[in-house]
Amino acid sequence: MELNSVLLTAGGSIGFFKLVNCGVSKLPIPETACRNAWKWRNICTSFTHSLITGIWAVLCFFVHPQMAEDLIGTHSVFSHTLVSVSIGYFIYDFLDMVLNQKMILSWELLFHHTVVISCFGITVLTGRYVGFAVVALLVEINSVFLHLRQILRMANLAEGDLYRINSMVNLGTYVVFRINTLAWMTRWLVLNRDNIPLFSYTAGSVGLAIMTAMNIVLFYRLLRSDFLKSSTPTPTDCKESRGQGEGKKET
């Protein structure tokens, strides 16, 4: 994809997720979430992104299986578009937090988004490592359940069976699609050191180190909140990491 196509795709993504946010604002909001309507809209928008990109990332390897054998130079327009769309989402979410949330409450996610946008930006501009970026977006499969957890808590449904089932699925997918994925990506990066320019290798290593540290902290918070004590929401609960992506998402 040419630069103009990348900018158009990312810009379209920003517009799309803005429309999703506006659409959510038109829907009924649980009474318990009314005191923080912005956060409700933001998490619902993040949930939408995770659902779309999680499925899309898996489909990328089905549509173009050769990419799994060469994460550096082989990719399809389908997978390149996915990375561009995700850049647009992270830019949108970054701006949404800057405009609507105090910096002290969102600095971790803002830092996370900056790292992801930088690494994905290198990918789409050079046309290299697209497969590696798609692997990183597999963490969004877990982010679906991570964001659903927050939605249930804000809707005051943290005591029901649905929440308990989601908590177990969330923890299981966290291990499989976040911890294992990050570990595999780190191993791949080390093994392919000779095939990667110093700048890209350094950016990837720093990005993975930051993502790993953030996800370890988030895993401990989830374990403590949902399994080591009562699941009653606490004031310290905040929007979690996405993925490369929450956490949020993170990647």
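This is a dialogue on reading features in a predicted model.

Trainee: Before the local features, which parts of the chain does the UniProt record annotate as "transmembrane region", and where does it place "domain: TLC"?

Mentor: A record and a set of coordinates are best read side by side, with the record named as the origin of each label. The unreviewed UniProt entry places "transmembrane region" at residues 44–65, 71–92, 104–123, 129–148, 168–186 and 198–220, and it places "domain: TLC" at residues 35–228. In the model, residues 35–228 are 81% helix and 0% strand, with end C-alpha atoms 28 Å apart. Among the annotated spans, residues 44–65 are 91% helix and 0% strand, with their end C-alpha atoms 32 Å apart, while residues 71–92 are 73% helix and 0% strand, with ends 27 Å apart.

Trainee: How should I read a helix by its span, and what span should helix α6 have?

Mentor: The idea is to set the expected span beside the distance between the end C-alpha atoms. Helix α6, residues 140–154, has 15 residues, and because the expected span is 1.5 Å times one less than the number of residues, α6 should span 21 Å, which agrees with the 21 Å between its end C-alpha atoms. As for its cover, 13 of the 15 residues of α6 are buried.

Trainee: R153 is found in α6; is R153 buried or exposed?

Mentor: One compares the relative accessible area with a cut-off. R153 has a relative accessible area of 7%, so it counts as buried, since buried means under 20%. Separation along the chain is another matter: R153 and N192 are 39 residues apart in sequence, and their C-alpha atoms are separated by 42 Å.

Trainee: Which residue is, in contrast, 75 residues from T9 in sequence, and how far apart are the two in space?

Mentor: Here one reads the sequence separation and the C-alpha distance together. That residue is S84, whose C-alpha atom lies 6.1 Å from that of T9. T9 itself sits in helix α1, residues 3–26, and is buried, with a relative accessible area of 18%. The side chain of T9 also reaches the backbone oxygen of S5 at 2.7 Å, a distance that falls within the 3.5 Å cut-off for a polar contact.

Trainee: What does the sign of phi tell me, and where does N156 lie?

Mentor: Most residues other than glycine have a negative phi, so a positive value is worth locating in the model. N156 has a positive phi near 60 degrees; this residue follows α6 and is found in the loop between α6 and α7, the latter being residues 161–191. Y129 has a positive phi near 65 degrees, and its place is in the loop between α4 (103–126) and α5 (130–136). The surroundings of the two can be read from accessibility: N156 is exposed, with a relative accessible area of 55%, whereas Y129 is buried, at 10%.

Trainee: Finally, which residues form the nonpolar patch on the surface, and which helix gives the most to it?

Mentor: A patch is read as a group of residues, and then by the elements that supply them. L51, I55, L59, F62, V63 and F78 form the nonpolar patch, with about 590 Å² of accessible area together. Helix α2, residues 37–63, gives the most, with 5 residues. One of the patch residues, L59, is found in α2 and counts as partly exposed at 38% relative accessibility, because partly exposed lies between the 20% limit for buried and the 50% limit for exposed.

Note on methods:
Residues are numbered from 1 along each chain as its sequence is written. This is a predicted model: local features need pLDDT of at least 70, side-chain atom pairs count only at pLDDT 80 or more; totals for chains, interfaces and linings use all residues. Side-chain values use heavy atoms; hydrogens and water are left out. Helices (H or I, at least four residues) and strands (E, at least two) are DSSP runs, numbered from the N terminus. Buried means under 20% relative accessible area, exposed over 50%, partly exposed in between (1.4 Å probe, protein chains only). A polar contact is a pair of N or O atoms within 3.5 Å; within protein, one must be able to donate a hydrogen and the other to accept it, and residues adjacent in sequence count only if both atoms are side-chain atoms. UniProt positions are given in the numbering used here, feature names are shortened, and annotations may be inferred rather than shown by experiment. Patches are made of residues with over 30% relative accessible area and no salt bridge: like charges are joined within 9 Å, nonpolar side chains (Val, Leu, Ile, Met, Phe, Trp, Tyr) within 5 Å. Accessible areas come from the Shrake-Rupley method with a 1.4 Å probe; for residues, only the protein chains shown count as cover. A salt bridge is a side-chain nitrogen of Lys or Arg within 4 Å of a carboxyl oxygen of Asp or Glu.
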